[in-house]
Amino acid sequence: MKSSLEHLPEQKQRELARVVEIIHEEFEDALKGSEAEFKKKGRIWKIILFGSYARGTWVEEPHTTKAYRSDYDILIIVNTKKLTDPEYWEAARSRLMHDSGINTPVGVIVQSRREVGDRLHLGQPFFSDIRRDGIVLYELNDDLLPQPKPMSPDEEYSTAKSYFEEKLPFSIAFMDGVELYLSKRQFKHAAFLLHQSIEQAYATLLLTLTGYSPASHNIRFLRALSEDRDVRLASAWPRSHQRFTAWFNLINEAYVKARYSPHYEISDEALIWLEERTAELHKLIKTACEEHLMKLRARL
């Protein structure tokens, strides 16, 4: 795998060095003082930059009408599956979001060494692409990721088609509930179902195009991963006005807060806009997935 960041501006290289530093600090702190054997032996095996910053195709337009920028996509590989539990990474994710030395959003996926090996053995495109294009930011030793076992064209097509046909209708079906609860002015219920529709829409795109979607309810994170695969999806969520960003953040919080927080509030104006943009997202994802399936079919 590659290890050079020379294609990135010096500022980006410094930011990524800070990302690695924070990951190590918070991982060490999360395990400190534990008597559990798996924590005592817990290690980060590799930290890998993947996605647009690894490929050299990142987009950064914060001062244009699009106000769009790519995220850093980071894969952390640990030596045991127990250490992939989100509780060990919440502090790191929070610091990466708020650290003054990092101006670029950071998305983190944590997998065990065995999980990554198994996914490569299955030929999952997501991890095969990381194996091919990723840049190692840190490694415990120079052990290599295993070579991926490519899927056959028929297997790749049938798997992607199955994901698309199952997941997109599931995502769209939530919109009936959104309409119902909007009509009843039960805005929390509408917000929760709208969040689920968006989450499943991005899962559709990621599974169809890559065979993998992280187990995450953070739709901002899923949005970044999906837009890295097809930047056209960015048009679903205009970033040009602060209220649009605020409304998206509100729906991102809905998975937890709309159900459990008495203080969660969202207006009908926000929900109507979010509903319209989600419908547009469905169209964009349908187009992207169908184009991908056509390419796969042409290889048969």
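## Sheet, helices and cores in a predicted model

Strand β1 (residues 44–50) runs antiparallel to β6, with 4 bridges between the two, and within this pair L49 stands opposite I135 of β6. The description that follows, like this opening pair, concerns a predicted model.

The two strands belong to an open sheet of 4 strands, ordered β5-β4-β1-β6, in which the pairing is mixed. Its edges are formed by β5 and β6 (135–139), each of which pairs on one side only. On average, neighbouring strands of the sheet are turned by 20 degrees against each other, when direction is ignored. In general, the strands of a sheet pair through backbone hydrogen bonds, in either a parallel or an antiparallel arrangement. The parallel case is represented here by β4 and β5, which 7 bridges join, and L75 has I109 in β5 as its bridge partner. Of the 7 residues of β5, 6 are buried, so this strand is largely enclosed by the rest of the structure.

The strand pairs described above are set side by side in the table.

| Strand pair | Sense | Bridges | Facing residues |
|---|---|---|---|
| β1 and β6 | antiparallel | 4 bridges | L49 and I135 |
| β4 and β5 | parallel | 7 bridges | L75 and I109 |

Which strands does helix α5 touch where it packs on the sheet? The contacts of α5 are with β1, β4 and β5, and its direction makes about 90 degrees with that of β5. Helix α5 spans residues 113–121, and within it E115, V116, G117 and L120 are buried; these buried residues pack against β4 (72–78), β5 (106–112) and α6 (125–133). The contact between the two helices brings V116, R119 and L120 of α5 together with F127, S128 and R131 of α6. The axes of α5 and α6 come within 8 Å and cross at roughly 105 degrees, and the two helices are therefore roughly perpendicular to each other. Just after α5, the backbone at G123 takes a positive phi of about 80 degrees.

Further along the chain, helix α9 (residues 219–229) is mostly covered, with 9 of its 11 residues buried. The buried set includes nonpolar side chains such as I219, F221, L222 and L225, but also R223, S226, E227 and D228. At the N-terminal end of α9, N218 acts as a cap, with a side-chain oxygen 3.0 Å from the backbone nitrogen of R220.

The loop between α9 and α10 (242–252) contains R239. Is R239 buried or exposed? With a relative accessibility of 17%, R239 counts as buried. A polar atom of the R239 side chain lies 3.1 Å from the backbone oxygen of W237. R239 is also separated from Y68 by 171 residues in sequence, although their C-alpha atoms are 6.8 Å apart in space.

W237 appears again in the largest nonpolar core, which has 59 residues and in which W237, I251, I266, L271, L281 and I285 touch the most other members. Leaving aside residues up to four places away in sequence, I251 touches A191, L194, H195, I198, I219, Y264, I266, L271 and L274. Apart from this core lies another, of 27 residues, among them L5, V20, L96 and V108.

Methods:
Residues are numbered from 1 along each chain as its sequence is written. This is a predicted model: local features need pLDDT of at least 70, side-chain atom pairs count only at pLDDT 80 or more; totals for chains, interfaces and linings use all residues. Side-chain values use heavy atoms; hydrogens and water are left out. A nonpolar core is a set of buried Ala, Val, Leu, Ile, Met, Phe, Trp, Tyr and Cys residues joined through side-chain atoms within 4.5 Å. Buried means under 20% relative accessible area, exposed over 50%, partly exposed in between (1.4 Å probe, protein chains only). Contact means heavy atoms within 4.5 Å. A polar contact is a pair of N or O atoms within 3.5 Å; within protein, one must be able to donate a hydrogen and the other to accept it, and residues adjacent in sequence count only if both atoms are side-chain atoms. Two strands pair if DSSP finds at least two bridges between them. Axes are lines fitted to C-alpha atoms, for helices over the stretch in contact, and angles run from 0 to 180 degrees between N-to-C directions. Angles under 35 degrees count as roughly parallel, over 145 as roughly antiparallel, 65 to 115 as roughly perpendicular and the rest as oblique.
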